[in-house]
Amino acid sequence: MSGAADTGRRRMLRRFLAHQGAMVGLALSCGMVVLAAVGPSIAPHDPIAQDLAGRLSPPGAGHWLGQDSLGRDVLSRILVGARVSLSVGVVVVCVSATIGTLVGAIVGLAGGWVDEVAMRLVDVLLAFPGILLAIALGAVLGPGLDHTVLALCVLGWVGYARLVRGQVLALREREFVQAAVALGAGRARIVRKHLIPNLLAPVLVQATFGMASAIVAEASLSFLGLGVVPPTPSWGSMIDDGRLYLEQAPHVAAFPGIAILLTVLGLNFLGDGLRDALDVKGSS
Amino acid sequence: MRSFILRRLATSVPVVLGVVTLVFALIHLVPGDPVDAMLGESALPAQREELRHALGLDRPILVQYAHFLGGLVRGDLGTSFRRATPVTALLAQRYPATAQLTLAAMAVATLVALPLGVLAALRARTWIDHGSSAAALFGVSVPNFWLGPMLILVFAIRLDWLPVSGRDGLANLVLPAITLGLGLAGILTRMTRSSLLETLGEDYIRTAKAKGLGPAVIVWKHAMRNALIPIVTLMALQFGALLAGSVITETIFSWPGVGKLLLEGIRTRDYPVVQGVVLSIALTYVAVNLLTDLLYAWVNPSIRFGGRS
């Protein structure tokens with residue numbers, strides 16, 4: 001049994017390593033994680049220090065990516081902003097995946113009215129398309145990093161709950177689970193030994209795409225003035241600041257956008273590769 | 001079909017009620033006082049009381065909820081705090097612009113995605129397919145709040161081909177429609193490719209080939225007809241995402257739609273407007289989903305008679 005599982009895992013790993021898109025995504029994602037980890041210590045300037053004499057200066061020797069409307073160093077703000085963006089992404093994904101997996105597993109196993117009530121709640125939350133609910137919550141709660149995380153988690157768990165519930169319903173009917181039940185295995189053992197190992201792959205794929213969505217959502221909220229509070233650097237608010245000076249200083253809006261694009265592209269490539277390698281259907 | 005419609009309508013009722021309740025709760029049950037948020041800390045106690053009374057916030061919460069529901073039934077979403085205009089009048093004024101932008105974005109997405117997806121499916125696992133997949137992933141990944149300013153920079157400022165903002169003519173629609181539609185184009189390209197690939201493997205396509213039909217007839221007349229069903233369904237389901245995305249796009253291009261109205265409401269803390277816009281977008285989304293399901297059942301009898309999971 002364990003030999004067969006090892007072979008399966010090795011085959012998945014080989015498929016993953018042979019997937020060109022996955023490798024590009026892995027490289028981009030790892031690069032961003034490293035930048036977020038060391039960014040604040042390698043930032044050439046203080047990201048909130050203003051230098052009004054040099055405002056809107058183009059990229060040059062002293063400031064590789066130029067200066068913004070208050071003369072702050074764009075590169076330093078992108079590096080520090082990476083930590084903000086990735087932290088929000090990680091926290092939102094961890095909280096959402098944990099709550100969603102628990103809820104999905106519980107309602108999938110319980111069935112009956114518990115399932116009905118939970119799924120109607122999910123339907124209600126899904127009636128708010130895109131980041132509409134997060135915008136509404138942001139509007140009521142006011143800007144702030146903690147409010148942004150809360151707003152994104154309120155909707156974030158729903159996708160995981162639906163995914164896990166569907167998986168649990170399908171797994172319950174599979175022969176190996178039926179066999180375990182017939183052999184007298186308890187509910188806890190079935191969950192631990194049979195359900196959780198089979199749920200990991202789809203949840204992992206969903207979490208990779210979810211991280212990309214959370215990063216874009218945080219940047220969108222900050223762009224709208226509902227996310228991170230200035231002067232803390234956020235890629236979204238940097239673009240909002242830069243779009244007022246597109247003609248004189250396009251670099252202010254362009255570079256943070258490229259940072260978001262590379263991060264999200266990397267995560268989406270990685271998610272696609274993981275989905276193909278782990279043979280997961282229906283996540284995106 | 002009638003019983004399917006009734007069943008589907010019945011499942012929509014609790015969702016609509018849930019949406020209405022959630023939007024009501026957003027304003028009334030979150031920590032903090034909406035009156036404080038609207039007036040700021042410097043407001044006098046008398047001003048606070050006056051506004052609290054005007055908004056009905058001095059009544060018990062259940063009475064407020066009943067009043068809110070009663071208003072909704074009569075098509076009354078309250079009055080804008082800042083403009084002293086009924087919210088429904090503001091929505092009626094702004095919705096055509098948002099509908100125009102959303103439909104234009106869908107047209108852009110379709111024009112880009114269908115040819116690209118078909119080409120990728122017909123040349124599967126070649127560099128054309130890989131290129132199309134990479135382009136689709138780029139479309140999905142590029143944030144619209146960055147794409148919009150970059151399009152303005154290139155096509156409005158540098159090349160001076162298109163206007164920066166406003167809604168004076170068709171030229172004004174081009175950049176916002178591309179900004180809003182590119183993400184959907186990416187999703188649709190992937191869907192078109194996978195749906196057409198699946199259809200091209202069906203028996204009736206083999207029969208068509210055996211009959212000696214040309215490739216163009218096989219793809220456009222036989223395969224696409226069936227491949228289009230999931231594509232059209234996806235487009236309808238993405239309509240809501242476009243409506244939500246219009247908040248950002250309308251802000252960037254000063255497009256006078258409901259998205260811009262929502263942000264104006266947020267900035268001026270005009271909660272009746274925020275509540276009305278959020279509710280109207282969510283209910284439009286529920287209605288479009290319902291319509292999609294009914295249309296889907298109409299073209300696909302197995303759903304009508306077998307039920308849909």
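In chain B, 20 residues of domain 1 are in contact with 17 residues of domain 2. The two domains bury about 1600 Å² between them. This is a predicted model. Chain B also meets chain A, with about 3500 Å² buried between the two chains. Salt bridges number 15 over all chains.

**Domains of chain B**

- Domain 1 of chain B covers residues 2-73, and domain 2 covers residues 88-307.
- The domain bounds come from an automatic or database domain assignment.
- The centres of domain 1 and domain 2 of chain B, taken over C-alpha atoms, lie 32 Å apart.
- Of the area buried between these two domains, 81% is on carbon and sulfur atoms.
- On the domain 1 side of chain B, the residues that lose the most area to domain 2 are B:Phe4, B:Arg8 and B:Met38. Together they make up 33% of what that side buries.
- The interface of domain 1 and domain 2 of chain B holds 1 salt bridge.
- B:Arg8 also pairs with B:Asp293 in a salt bridge, at 2.6 Å from N to O.

**Interface of chain B and chain A**

- Contact here involves 43 residues of chain B and 42 residues of chain A.
- Carbon and sulfur atoms carry 82% of the area that chain B and chain A bury between them.
- The rule finds 1 salt bridge across the interface of chain B and chain A.
- A salt bridge links B:Arg190 to A:Asp272, with the closest N and O atoms 2.9 Å apart.

**Salt bridges within chain A**

- A:Asp68 and A:Arg72 form a salt bridge, their closest N and O atoms being 2.9 Å apart. Both A:Arg72 and A:Asp68 are buried.
- A:Arg120 and A:Asp123 join their side chains in a salt bridge at 3.0 Å, N to O.
- A:Arg120 and A:Asp123 are separated by about one helical turn, because they sit 3 residues apart in helix α4 (residues 112-126) of chain A.
- A:Arg120 has 31% relative accessibility, so it counts as partly exposed.
- A:Asp123 has 24% relative accessibility, so it too counts as partly exposed.
- A:Asp240 and A:Arg243 form another salt bridge, with 3.1 Å between the closest N and O atoms.
- The relative accessible area of A:Asp240 is 21%, which makes it partly exposed. Buried means under 20%.
- A:Arg243 is likewise partly exposed, at a relative accessible area of 22%.

**A salt-bridge network in chain B**

- One network takes in B:Arg83, B:Arg94, B:Lys260 and B:Glu264. Salt bridges that share partners join these residues.

**Helix α6 of chain A**

- Helix α6 of chain A runs over residues 145-172 and has 28 residues.
- At 1.5 Å a residue, this helix should span 40 Å. Its end C-alpha atoms are 40 Å apart, so the span agrees with the expected value.
- A bend of about 30° occurs in α6(A) at A:Cys153.

Terms used:
Residues are numbered from 1 along each chain as its sequence is written. Chains are lettered from A and ligands numbered from 1 in the order in which they are written. This is a predicted model: local features need pLDDT of at least 70, side-chain atom pairs count only at pLDDT 80 or more; totals for chains, interfaces and linings use all residues. Side-chain values use heavy atoms; hydrogens and water are left out. A salt bridge is a side-chain nitrogen of Lys or Arg within 4 Å of a carboxyl oxygen of Asp or Glu. Buried means under 20% relative accessible area, exposed over 50%, partly exposed in between (1.4 Å probe, protein chains only). Helices (H or I, at least four residues) and strands (E, at least two) are DSSP runs, numbered from the N terminus. The expected span of a helix is 1.5 Å times one less than its number of residues. The bend at a residue is the angle between axes fitted to the seven residues ending there and the seven starting there. Contact means heavy atoms within 4.5 Å. Buried area is the accessible area (1.4 Å probe) that two parts lose on being put together, summed over both.
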